[in-house]
Amino acid sequence: MASHTAPDSLTAAEWMALEDETQLATYNKWPIPLVRAAGTMVEDVEGNTYLDLYGGHCVAFLGHNHPAVVAAIKEQADELLFYSNAVYAPVRARASRRLARLAPESMNNVFFINSGAEANEVALKIARKATGRSNVVAVEGDFHGRTMGSLSTTWAHKYREGYEGAFGPVTFAPFQDAEKAASIIRAERPAAVIVEPIQSMGGMRTAPPAYFEALKAACLETEAMLIFDEVQTGVGRTGKFTYAQTIGVIPHMITMAKSLGGGVPVAALLIDDEVAATVGYGEQGTTFGGGMLAMAAVDATLRVVEEENLSERALGIWDALVEGCEARDLCYQGAGCLMGIHFGRPVAPIIAGLRDRKILTGGSADPQIMRLMPPAYVTQGELDRFFEALDEVLDELKETQA
Ligand SMILES: Cc1ncc(COP(=O)(O)O)c(C=O)c1O
């Protein structure tokens, strides 16, 4: 019989092989087994350190292992690791209050869950009950997660294939085309319209505020609920706490996850007062949502976002990235600490070349767009290092093509 005891010390290749032995073969992982991280840097089992501009999958807006988050969860772990929503807890009261205070003014109702997909799922569920309708309008290019409802509203066929019809019906409206999207909403009269206001997997595509205003107007006209999926854009990445506040268009519900717990898994659904009034006792529930460890992480994360004005920092990082792109005639899109760079050629070898130079960046659904989701603490020196490495990689690729 195979031993299931992992040895203490192995090479990187051996750790990867060991993990592959028992992990479901569904991820295409980078060949770097990580053991620790701090700030913008992560370290693998062999002591190699990497500059993380992929930001831990868009989670590390505060950087990795922010001391305030680590201290908060250590302290909480000593006191009370977990109890469910069967009880009240001061740490939940603090986190919830802080979140509601940072959120758009009308959004005083917080529901904590565990993942971005789950947050979207709950928002869709609330909209169905509130409107008595089951159809949904989603947006071409969006990604909303892997659970059945979230998946059904995700655009890319590769994710939905084999699971069609699980939820819905769902009609997809175009991104950026306000008139067409609004006319689809008027024709469909859906329970909800769900939109990812910056399409991250789509390559950080943006739309002008007028597009979101048109969605909102059509939703108000048809009494549909407008849901912003701010799983990536939320928690200060785009200049304000939510992208809704950045563009001045406030939906009925906002979902957020990723950066919310500073690395601890947690998600939240923000609901405006009118919609919240449609939710009755016992209609929503989760065991782990709002658990104490997650709440300590949220409270600490939001305190740092506020006290260190990370939204403002995000705008400075955007400016520095823009400068680097413009100096190289590279097209870019996104906002704040979310940037897609268009290379006009496949980015996979560029990402690999950067990883060889110990810099982590990400791809997107568009094979020609690289995604950067850097921590708010990335320095000008680190961004210079990124652009210098990028120049080297592009030169090298030119040589191998010649
Ligand atoms: C915009 C967006 N929504 C939803 C999700 C799903 O979040 P989770 O993976 O936490 O379920 C993601 C995940 O990448 C996302 O980027």
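## Helix α9 and its two sides

On one side of α9, L220 and E221 are exposed, where exposed means over 50% relative accessible area, buried means under 20% and partly exposed is in between (1.4 Å probe, protein chains only). The buried residues of α9 are Y211, F212, A214, L215, A218, C219 and T222. Looking down the axis of α9, you find these buried residues within an arc of 155 degrees, so they line one face of the helix; the arc is that of the directions from the helix axis to the C-beta atoms. As a general rule, an α-helix has 3.6 residues a turn, so residues three or four places apart point the same way.

Helix α9 runs over residues 209-222, which makes 14 residues. From first C-alpha to last, α9 reaches 20 Å, close to the 20 Å expected at 1.5 Å a residue; that expected span is 1.5 Å times one less than the number of residues. Helices here are DSSP runs of H or I with at least four residues, strands are runs of E with at least two, and both are numbered from the N terminus. What covers the buried residues of α9 includes β5 (136-139), α8 (178-188), β7 (192-195), β8 (225-229) and α10 (243-247), with contact meaning heavy atoms within 4.5 Å. Just after α9 comes E223, with a positive phi near 55 degrees.

## What kind of model this is

This is a predicted model, in which local features need pLDDT of at least 70 and side-chain atom pairs count only at pLDDT 80 or more, while totals for chains, interfaces and linings use all residues. Residues are numbered from 1 along each chain as its sequence is written, and side-chain values use heavy atoms, with hydrogens and water left out.

## Aromatic rings

Which residues do ring pairs link into a cluster? They are F175, Y211, F212, F228 and Y243. The structure holds eleven aromatic pairs. Rings of Phe, Tyr and Trp (its six-membered ring) pair if their centres lie within 6.5 Å; planes under 30 degrees apart count as stacked, over 60 as edge-to-face and the rest as tilted.

One of the pairs is F143 with Y159, edge-to-face at 5.1 Å centre to centre and 70 degrees between the planes. F143 sits in the loop between β5 and α6 (148-152) and Y159 in helix α7, so this pair ties together parts that are 16 residues apart in sequence. F143 is partly exposed, with a relative accessible area of 24%, while Y159 is buried at 13%. Then there are F175 and Y211: their ring centres are 5.5 Å apart with the planes at 80 degrees, so this pair is edge-to-face too. It links distant parts of the chain, with F175 in the loop between β6 and α8 and Y211 in helix α9, 36 residues apart. Both F175 and Y211 are buried.

## A four-strand sheet

Four strands make an open sheet with mixed pairing, in the order β1-β2-β3-β13. The edges are β1 (34-38) and β13 (359-360), each pairing on one side only. Strands count as paired if DSSP finds at least two bridges between them. Strand β3 (residues 49-52) pairs with β13 in the parallel sense, over two bridges. D52 has L360, in β13, as its bridge partner.

## Cysteines

How many disulfides does the structure hold? Zero, where a disulfide would be a pair of cysteine sulfur atoms within 2.5 Å. For C325, the nearest cysteine sulfur is that of C331, 9.0 Å away. C325 is buried, with a relative accessible area of 0%. C219 in α9 also counts as buried, at 0% relative accessibility.

## Backbone oddities and a loop residue

The peptide bond from G168 to P169 is cis, with omega near 10 degrees. P169 is in the loop between α7 (157-160) and β6 (170-173). Two residues other than glycine have a positive phi: H57, near 65 degrees, and V235, at about 65 degrees. H57 is in helix α2 and is partly exposed at 45% relative accessibility. V235, in the loop between β8 and α10, is buried at 1%.

Finally, look at N65, in the loop between α2 (55-58) and α3 (67-79). N65 is partly exposed, at 48% relative accessibility. Not counting residues up to four places away in sequence, N65 touches A37 and V70. N65 and G263 are 198 residues apart in sequence, yet 7.5 Å apart in space, C-alpha to C-alpha.
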